[in-house]
Amino acid sequence: MTDVKVKKESTDVVDIENRIKELCQQFPHGITDQVIQNDMPHVEAQQRAMAINRLLSLGQLDLLRNSNGLLYRLKDTQSASKMKGSDNQEKLVYQIIEDAGDKGIWSRDIRYKSNLPLTEINKILKNLESKKLIKAVKSVAASKKKVYMLYNLQPDRSVTGGAWYSDQDFESEFVEVLNQQCFKFLQSKAEAARDSKQSPMVQRNSSFATSHEVWKYICELGISKVDLSMEDIETILNTLIYDGKVEMTIIAAKEGTVGCVDGQMKLYRGVNPIIQPTGLVKTPCGLCPVFDDCHEGGEISPSTCVYMSEWLDF
Amino acid sequence: MAGKGRGVAAFTFNIEALGITRGSMPETQQGPRALFPQAEFKPVPLKTGEDEDYMLALKQEIRGRMKGLPFNIKPHSAKRNVERYKEKYTRECNQIEDEEWTPDWNRLPVELMPQNKAIRKRSSKFPELEKRGEKSDDEKEEKTQKKEDDNEEEAVEGEEYDEEELEEENDYIESYFEDGDDFAAGSDDNMDEATY
Amino acid sequence: MTAQEVRLCALLLQEHFGEVVEKVGTHLLRSGALNLRALAHETRTSLDLVKKSLCVLVQHGMCTFGPGRRGPAGPLEYRVSCERILYMLRYPRYIYTAKSLYGDTGELVMEEILQRGQMTMSNTVRTVADRLTQNMEDGQSTDYNDVVTAFSRLVETHFLQRCPPVDTATSKKTVSEVPESPASTITQPSQPENYPDCYKLPQIHLTGRGKRRRSDEDGDVGARVAKKAKLEHTEACGDEGIYWQVNVERFHLHFRHQAIISAVASKLDQTSSEIVRTMLRMSEVTTPANAAYTQAVSANEIFRAVPPSYNISRPILDQYLTLLVDDPMEFVGKAGDSGGGMYVVNLHRALANLARATLESVVQERFGSRSARIFRLLLRKRHLEQKQVEDFAMIPAKEAKDMLYTLLSENLVQLQEIPKTPDHAPSRTFYLYTVNQLPTARLLLQNCYKAVGNLIDRRLFETKENKRHLEKSQRIEAILGSLQASGAEPAQLAEVEEMITAPERQQLEALRHHINKLDSSENQVDETIFLLESYIKSTSCSR
């Protein structure tokens with residue numbers, strides 16, 4: 001009977017432990033004691049404490065402190081086991097890198113934080129890298145800077161530059177292609193609106209596209225190897241605004257509407273310029289690279305000007 | 001004026017702080033650059049069409065006509081060795097345009113009148129002008145009357161003005177009405193095509 | 001006055017009035033105001049020629065005179081207007097506009113008065129009627145009355161105005177420093193519109209028709225006819241002493257309105273532009289020339305005034321007006337709710353937008369669309385760090401840096417230093433890029449003046465280079481002309497014609513092509529000049 005009881009008790013403890021781990025997986029940033037309490041109201045405080053203590057001692061759980069009090073977070077079991085046999089210095093460096101999260105950390109900053117000599121740190125970093133516990137990522141912020149982060153982490157946008165960078169190189173052409181495709185979409189929408197011959201107000205309104213619509217169009221085109229977010233598309237749409245080809249209006253929308261963010265929706269439309277190229281740029285002087293050096297009688301002058309000659313004979 | 005700052009030194013601040021270093025300067029800064037470096041872009045084609053053609057014709061016509069009008073003042077030493085034929089021909093062509101210009105001396109300072117005339121006239125002219133200035137509007141009739149008198153007088157003066165010039169300078173007529181400087185000739189050709 | 005303005009004035013004066021007037025005019029431009037003696041002395045030109053030149057300049061409204069530094073007792077001083085001289089570049093457009101508004105007659109009236117500076121109505125009517133008759137079929141002629149009608153309409157619409165009367169009394173306008181002066185000097189009021197009769201037509205006694213002069217008559221007869229015509233032209237018509245000049249300001253309003261209308265047509269659509277045209281027309285008389293926006297008109301009034309051919313129903317008109325007000329260009333603004341909504345055309349806003357588009361166009365064509373993206377970005381966001389420019393414009397750092405540097409060195413973009421510490425250490429300083437629209441517009445306007453000067457210089461050069469060919473061709477044409485007049489055989493004519501060889505003909509053809517291109521460019525650069533000038537002026541009077 002007691003046996004049974006003990007057994008039952010121990011099963012309960014394992015159940016509680018598993019449930020806590022599940023909760024931690026669900027909230028990777030960590031959970032408070034309150035969360036566990038809410039999840040298992042029937043479990044006594046003593047039992048809960050026992051389970052947590054066991055997990056902490058097994059190195060499966062981390063105890064963190066933030067402004068709200070204590071937080072429990074799941075420790076990477078893999079790394080936890082791999083860290084076995086590492087010395088304290090290595091553990092310290094690992095901890096620093098782990099804390100840096102998906103932004104990564106520069107080796108010099110590891111030195112400041114660990115107070116270890118750089119040569120030692122380099123050795124440890126090499127070691128950790130070879131164990132596939134950490135990785136070095138080139139940052140777009142500075143071309144010669146490498147940052148370290150845990151092996152299984154996806155680097156933050158600020159490190160990779162987001163969708164526009166491949167291997168820290170800015171993919172200018174990709175941006176221009178997207179710029180053109182977005183414009184084409186908006187342009188055809190505006191054209192269709194004009195051709196509809198509906199009332200001017202309806203025409204104008206149907207020439208608008210939400211950023212979500214443009215995003216969907218681009219995704220369906222399948223021209224991007226990487227997943228683009230709506231934010232990415234808005235960045236591209238902004239370049240079209242600076243190209244003077246697109247205008248944007250923000251309207252209020254019901255929360256929950258497709259493409260609505262914070263109760264607002266961004267509407268874009270392709271527009272025509274208000275003037276044709278101005279007269280000055282129809283002359284060679286309007287584009288002349290040596291305009292300021294040009295004067296009658298000089299080496300560069302209207303009568304000796306080769307741009308002028310070429311243009312006149314055209 | 002444009003482009004004072006073509007070189008690095010022209011900036012008042014350390015441009016290297018902007019990340020503009022010698023190495024990253026635009027190409028033009030390296031070595032002696034070509035007098036006319038390759039231009040990256042071509043001028044946009046000119047507008048064409050009826051409007052543009054017409055304004056072009058008008059421009060050339062104005063240029064041609066202004067040469068023949070008496071407002072085109074020729075220097076005294078204008079004895080040029082020009083082909084007689086052209087001269088005679090263009091003069092014949094421009095005969096319609098040729099006219100003398102008698103400025104309305106009521107609208108110009110007395111001192112601009114031909115010299116000896118001005119001296120002779122000054123005494124009489126001045127009080128007259130003063131008188132006119134004092135006139136009020138209800139004296140309009142009288143004013144018009146006066147104006148007409150003046151006009152007669154001025155027409156005479158105008159003739160004298162011309163004669164005087166003739167005295168001063170033998171080739172006056174020729175130089176005055178001669179088809180202006182060489183360069184307009186080309187556009188004169190075009191001018192003939194510009195019809196209404 | 002800038003060096004480029006003086007240079008362009010010199011070229012224009014030379015082209016229209018010859019080298020003497022050019023010399024006198026440019027010297028006056030550079031010196032400000034001078035008296036007759038000083039002018040003759042400083043230009044080393046004979047007094048007689050200086051006098052003539054001044055007469056020409058005054059006649060064309062380019063020169064004013066008044067008491068000088070030494071007051072009314074001292075010599076008169078002369079002053080030229082750079083602006084007025086530069087307007088000569090716009091003569092083709094003035095004339096063409098008169099043609100499109102008032103037909104061939106309007107065109108010739110405008111042309112005659114522009115070429116002569118000022119004319120009496122009767123003289124204009126006779127000259128224009130003769131010219132029109134000249135171009136008609138035999139037996140037809142133009143009635144003076146037709147020309148009187150066109151002339152009157154140009155006056156009614158303020159395209160023509162009376163030259164301000166020359167007053168013996170001191171003009172308060174030209175000489176503010178001299179409060180009291182005896183009436184012994186003649187001065188000119190500078191503002192024609194201050195004169196009440198500015199647009200009052202005189203009664204003229206003139207009936208008849210245009211006279212034809214045959215070009216194939218031989219010289220003597222021609223001269224006699226000319227003499228006769230001249231005598232006729234001096235007959236009194238009752239408007240002696242009343243001179244008319246072209247009101248360029250009125251034309252400029254018209255051009256400004258045209259520019260706004262076509263901008264609306266381009267950005268929105270034809271119907272919208274027609275509504276704006278209607279609004280501009282309605283407020284034309286009631287809106288002062290330098291007002292920032294037009295007199296407000298109600299939707300009801302607009303509805304009644306829109307041409308019926310557009311067939312716009314009232315609700316649709318309201319929609320169009322709403323869209324115009326909504327448009328970010330803000331061509332039209334709403335000023336109130338009475339009368340179905342009160343609307344204005346934002347004249348100065350429109351000019352600023354047109355000028356901005358002009359600057360953008362220059363950057364776009366000269367440096368490419370990516371530089372233009374940066375330029376527009378800076379126009380919108382005012383101040384940006386280099387990194388922000390890269391991020392917003394999505395242009396790689398190195399490229400963006402090069403583009404910014406180029407724009408900076410061309411003065412199209414400015415840089416502001418904001419030190420974080422008092423020692424101005426570069427490492428602790430923000431560098432913000434910015435575009436200042438007004439100074440940039442001023443800079444580009446100067447570039448336009450230089451460009452036109454260059455075009456003229458090149459044209460002079462091309463003509464000089466081909467002088468021999470041109471003279472030869474003219475000589476031959478002269479021979480052909482006289483041969484034709486004397487009834488020569490076709491074979492004879494052909495023989496003379498062949499004196500110009502095929503390569504020569506080709507070269508002349510090429511020259512003609514070059515000249516046309518250069519001339520057309522001058523006209524088209526003037527459109528840029530007009531927009532920039534109007535914008536710059538509007539900023540000084542809206543403050």
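**Helix packing and core in a predicted model**

In this predicted model, helix 15 of chain C passes helix 16 of chain C in a right-handed crossing. The first of these helices covers residues 386–393 and the second residues 397–409, and the two pack at an angle of about 115° with their axes 10 Å apart. Because angles of 65 to 115 degrees count as roughly perpendicular, helix 15 of chain C is described as roughly perpendicular to helix 16 of chain C. Where they meet, helix 15 of chain C contributes Gln386(C), Val389(C), Glu390(C) and Ala393(C), while helix 16 of chain C contributes Ala397(C), Ala400(C), Lys401(C) and Leu404(C).

From this pair we can turn to the nonpolar interior. The largest nonpolar core has 167 residues, and among those with the most contacts inside it are Val109(C), Val276(C), Val345(C) and Leu354(C). Helix 1 of chain C, residues 3–31, gives the most to this core, with 12 residues. Leaving aside residues up to four places away in sequence, Val276(C) touches Ile260(C), Ile261(C), Val264(C), Phe331(C), Val332(C) and Val345(C).

Ile260(C), Ile261(C) and Val264(C) are buried residues of helix 9 of chain C, where Phe251(C), Arg256(C), His257(C), Ala263(C) and Lys267(C) are buried as well. Helix 9 of chain C runs over residues 248–267, and at 1.5 Å a residue its 20 residues should span 28 Å, which agrees with the 28 Å between its end C-alpha atoms.

Chain A, finally, can be described as a whole: it holds 14 helices and 10 strands, and buried residues make up 28% of its 314 residues.

Notes:
Residues are numbered from 1 along each chain as its sequence is written. Chains are lettered from A and ligands numbered from 1 in the order in which they are written. This is a predicted model: local features need pLDDT of at least 70, side-chain atom pairs count only at pLDDT 80 or more; totals for chains, interfaces and linings use all residues. A nonpolar core is a set of buried Ala, Val, Leu, Ile, Met, Phe, Trp, Tyr and Cys residues joined through C-beta atoms within 7 Å. A residue is buried if 20 or more other C-beta atoms lie within 10 Å of its own, exposed if 12 or fewer, and partly exposed in between; C-beta atoms are placed from the backbone. Helices (H or I, at least four residues) and strands (E, at least two) are DSSP runs, numbered from the N terminus. Two residues are in contact if their C-beta atoms, placed from the backbone, lie within 7 Å. The expected span of a helix is 1.5 Å times one less than its number of residues. Axes are lines fitted to C-alpha atoms, for helices over the stretch in contact, and angles run from 0 to 180 degrees between N-to-C directions. Angles under 35 degrees count as roughly parallel, over 145 as roughly antiparallel, 65 to 115 as roughly perpendicular and the rest as oblique. A crossing is left-handed if the near helix is turned anticlockwise from the far one by less than a right angle, and right-handed if clockwise.
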